[in-house]
Amino acid sequence: MLGLCMRAGRLVCGTPMICDALKNKKEIFVVLMADEASENTKKRLSDRCKYYGVRLASVKVTTGALAHALGKSGELAAVGVADKSFASGLEKWL
């Protein structure tokens with residue numbers, strides 16, 4: 001599901017990009033955070049999502065596996081879904 005969302009261009013990858021999108025009033029419907037993310041990242045995303053009223057879900061996946069699932073190298077702590085249909089589809093799995 002995340003791969004389809006990425007191909008559609010409706011996925012925001014990485015904590016800084018998610019925070020910027022929320023700050024600039026771009027619509028993010030759900031944020032998925034890797035369970036292995038650092039405590040600083042968890043707090044930063046938790047605070048931002050609470051402030052802007054966006055659902056934050058922690059998924060049991062490593063940061064490397066999340067990046068690999070999206071075809072990226074390295075590590076990825078979180079992704080934000082910017083499409084309501086994809087977000088509702090993902091929430092069924094959560």
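Let me start with one residue, Thr41: its relative accessibility is 16%, so Thr41 counts as buried. The cut-off for buried is under 20% relative accessible area. Before going on, I should say that this is a predicted model.

Where is Thr41? It sits in helix H3, which covers residues 39-52. Leaving aside residues up to four places away in sequence, Thr41 touches Thr15 and Ala77.

Ala77 also helps with the next residue, Cys13. Cys13 is part of strand E1. Along the chain, Cys13 and Ala77 are 64 residues apart, yet 8.5 Å separates their C-alpha atoms. Cys13 has contacts of its own: again not counting residues up to four places away in sequence, Cys13 touches Leu70, Lys72, Leu76, Ala78 and Val79.

Now the sheet. As a reminder, strands of a sheet pair through backbone hydrogen bonds, either parallel or antiparallel. Here, four strands make an open sheet, and their order is E1-E4-E2-E3. The pairing in this sheet is mixed. Which strands are at the edges? They are strand E1, residues 11-13, and strand E3, residues 55-59, and each of them pairs on one side only. On average, neighbouring strands of the sheet are turned by 20° against each other, with direction ignored.

Let us go through two of the pairings. E1 and E4 run antiparallel and are joined by three bridges. Within E4, the residue opposite Val12 is Gly80. On to E2, residues 30-34, which pairs with E4, residues 78-81, in the antiparallel sense over four bridges. Val30 faces Val81 of E4 across that pairing. Val31 has Gly80 in E4 as its bridge partner. If you are following on the structure, Gly80 is therefore a good residue to click on, because it is opposite Val12 and is the bridge partner of Val31. 

Staying with E4, are its faces covered or open? Both are covered. Ala78 and Gly80 are on one side, Val79 and Val81 are on the other, and all of these are buried. In general, side chains in a regular strand alternate between the two faces of the sheet.

Next, helix H2, residues 15-23. This helix lies across E1, E2 and E4, and runs at about 35° to E4. After H2 comes the loop between H2 and E2, and Lys25 is in that loop. Lys25 has a positive phi of about 65°, although Lys25 is not a glycine. Is Lys25 buried or exposed? Its relative accessibility is 64%, so Lys25 counts as exposed. The cut-off for exposed is over 50%.

The last item is the largest pocket. How much space lies in it? The answer is about 170 Å³. Among the residues that line this pocket are Gly9, Arg10, Leu11, Val12, Met17, Asp20 and Ala21. The lining also includes Asn24, Lys26, Glu27, Ile28 and Ala82. Sorted by class, the lining has six nonpolar, two polar and four charged residues. Which element supplies the largest share of the lining? That is H2, with three residues. E1 and H2 each supply at least two residues of the lining.

To close, a short recap. Thr41 in H3 is buried, whereas Lys25 is exposed. E4 pairs with E1 and with E2, and both faces of E4 are covered. H2 lies across E1, E2 and E4 and gives three residues to the lining of the largest pocket.

Terms used: Residues are numbered from 1 along each chain as its sequence is written. This is a predicted model: local features need pLDDT of at least 70, side-chain atom pairs count only at pLDDT 80 or more; totals for chains, interfaces and linings use all residues. Side-chain values use heavy atoms; hydrogens and water are left out. Two strands pair if DSSP finds at least two bridges between them. Axes are lines fitted to C-alpha atoms, for helices over the stretch in contact, and angles run from 0 to 180 degrees between N-to-C directions. Contact means heavy atoms within 4.5 Å. On a 1 Å grid over the protein atoms alone, a cavity is a set of points where a 1.4 Å probe fits but cannot get out, and a pocket is an open set with protein on both sides within 12 Å along at least five of seven lines; lining residues have an atom within 4 Å of a point. Grid points are joined across faces, edges and corners, and a volume is the space filled by probe spheres set on the points. Ala, Val, Leu, Ile, Met, Phe, Trp, Tyr, Cys and Pro count as nonpolar, Asp, Glu, Lys and Arg as charged, and the others, Gly among them, as polar. Buried means under 20% relative accessible area, exposed over 50%, partly exposed in between (1.4 Å probe, protein chains only).
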